[in-house]
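This briefing covers the nonpolar core and the aromatic contacts of one protein chain. The sequence and the structure come first, then the notes.

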Amino acid sequence: MMRRSMILAMVLGGMLVIRQANAQFSPGDLSRAHMQLEGTGNCAQCHEVGKEISGSKCMSCHTEIRNEIDSKHGYHFTTSMKQCVACHKEHLGRDVQTILFDKDTLDHRMTGFALTGKHIKTQCEQCHSTKNIKNLQIMSMVLKSNRKTFMGLSAGCVSCHEDRHRGTVGVECQSCHTTNAWSPASNFNHSKTKFALTGKHSTVQCAKCHSEISPTTTERPIILSTKSFADCKPCHESPHKEKFSGQECRSCHSADGWSVLISQKFDHNLTGFKLVGRHATVKCQQCHKNQPGVPFAKAFRIPHEKCTDCHSDYHAGEFLKTYNNDCSKCHTPDSFSPSTFTLEEHSHKRFVVTGAHTATPCISCHTKAEERRVFHFASIKCESCHKDRHGGQFTKLMTDQSCAKCHSTVTWTSMSFDHSTTSFQLVGKHSTAKCEGCHKPGRVNGGTMVQYRGVKTGCESCHPDAHAAQFASNSITSCSNCHSPDGWQLLRFNHDTQSTFALSGAHKKTECRSCHHEELIAGRRTMRFKPLSNKCESCHKSGSIGNG
């Protein structure tokens, strides 16, 4: 019997020595991508004897990284002074994330492509998608391994965006467009083309001259090829028919307007009414009308002191008291719209325009009623223009203090709400939680919207019961008995006073998991806390260490 015991001890001892020896060579399993290199015989494929991992052996396999560094662009070129192991960790296990990379804190300039304009708010996945990979080597690797990568993209616009011009103007999109918006093409200068835009041509929509096609995409590409522009005829139909077929239109007409004749002899500026703005393009007969029985000369001597001598009062006397119907207070001869009434002038009225209201078109508030726009309002409260998005949850508050109690005119989401004025004060991690984490869409006064009133304040109304109702009393679990809003792991639990088993002696140093094991409770795997037997043999089995 003693001999058998000695043999068993020798075998166990030998196994322990072997395990310790293996641990010296391999600190842990390699990742799934490198698991083919598992085993002590393959160490030298990555490690250099007596040296730290320099990365040179990494490059012998990862040629896509070497190519990026050699081409002197991309994230790996910018960070090439670092060792590979500074960001890439191995021997952590098969499915552990081995790349120490946080896309949320990345300075994108390190990739060689700075994010500006709308690119700043673009989700990474919108650009870093398999369909946008242009590098064939990296695409081949992705298809073989089915792994995600941020490599392989080109910095050119057409790498991610469709060429709406179908190659007619090249692919240097930035020569016309900016990252702030596709339209307008603020970098484009038509005066640098063969046809400089002057007069009314400067306000014509591009598509009027540049043809559009209707493909299967949602946006209509604009093909910037044009007709001949040597004369007006390719775009404009001549009303003169064959009478002036041998002459060019520009010999008589100007781009400022069809009725503005270059050969016009009469200089209206010599009269008491100079023609400026749109008056300069008005046909003579629109003001000087031939009327039966009225001498021809009298038709040219008409009242012109007030705008209303020719124009009807669009505002129907609404500004008679304020401006004595002097249209020049808000309008110019260049155009009736837009008005010249400024935000500074608006600040002296009942409603001071601030924040996002400064970018709101006038017509959004001054809407039409009975075929004319309204400029005087009975009320200037928010709800007179804006719909109550809270479904009446704050009707009394808005009546007493208006929407400005919580919101500002900067943006709708710029809020100054003090949650401490409610019955649920935000402390600990609750103070940094997003509103939508607790306030979710629900049925409010017959409609579906975010609920702010009547939200339950119990922990379980937002957080699932991780203990499967082991601590519930009358179907309610008082999480605050053990946990704090400062963090789930910051326990207030006192084993001596909050349980039936006070910890003493060696029990004080025993880990919780030694007694509390995971079980299938209410259909889910969770740690068993109660009920739990207090008897010694429930944890200490006969024959265990310490029992002889």
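The largest nonpolar core has nine residues: Met59, Ile65, Ile69, Cys84, Ile133, Ile138, Met139, Val142 and Met151. The model is predicted, and the notes below are grouped by topic.

**Nonpolar core**
- Two elements, helix H3 (63-70) and helix H6 (136-145), each give two or more residues to this core.
- H6 supplies the largest share, three residues.
- In soluble globular proteins, nonpolar side chains tend to be buried together.

**Contacts of Val142**
- Val142 is one of the nine core residues.
- Once neighbours within four places in sequence are left aside, Val142 is in contact with Thr130, Ile133, Arg147 and Thr149.
- Of these contacts, Ile133 is also listed in the core.

**Aromatic pairs**
- There are seven aromatic pairs in the structure.
- One of them joins Phe471 and Phe529, with 5.9 Å centre to centre and 45° between the planes, so the pair counts as tilted, a class that lies between stacked (under 30 degrees) and edge-to-face (over 60).
- This pair links distant parts of the chain, with its two residues 58 residues apart.
- Phe471 lies in the loop between strand S6 (447-450) and strand S7 (472-473), while Phe529 lies in the segment after strand S12 (524-527).
- Phe471 has a relative accessible area of 31% and is therefore partly exposed.
- Phe529 is also partly exposed, because its relative accessible area is 26%, and buried would require under 20%.

**Aromatic cluster**
- Tyr75, Phe101 and Phe150 form one aromatic cluster.

Note on methods. Residues numbered from 1 in each chain as written. Predicted model: local features only at pLDDT ≥ 70, side-chain atom pairs only at ≥ 80, totals over all residues. Heavy atoms only, no water. Phe/Tyr/Trp six-rings, centres within 6.5 Å; stacked < 30°, edge-to-face > 60°. Helix = DSSP H or I, 4+ residues; strand = E, 2+ residues; numbered from the N terminus. Buried < 20%, exposed > 50% of the residue type's maximum accessible area, 1.4 Å probe, protein only. Core = buried A, V, L, I, M, F, W, Y, C linked by side-chain atoms within 4.5 Å. Contact = heavy atoms within 4.5 Å.
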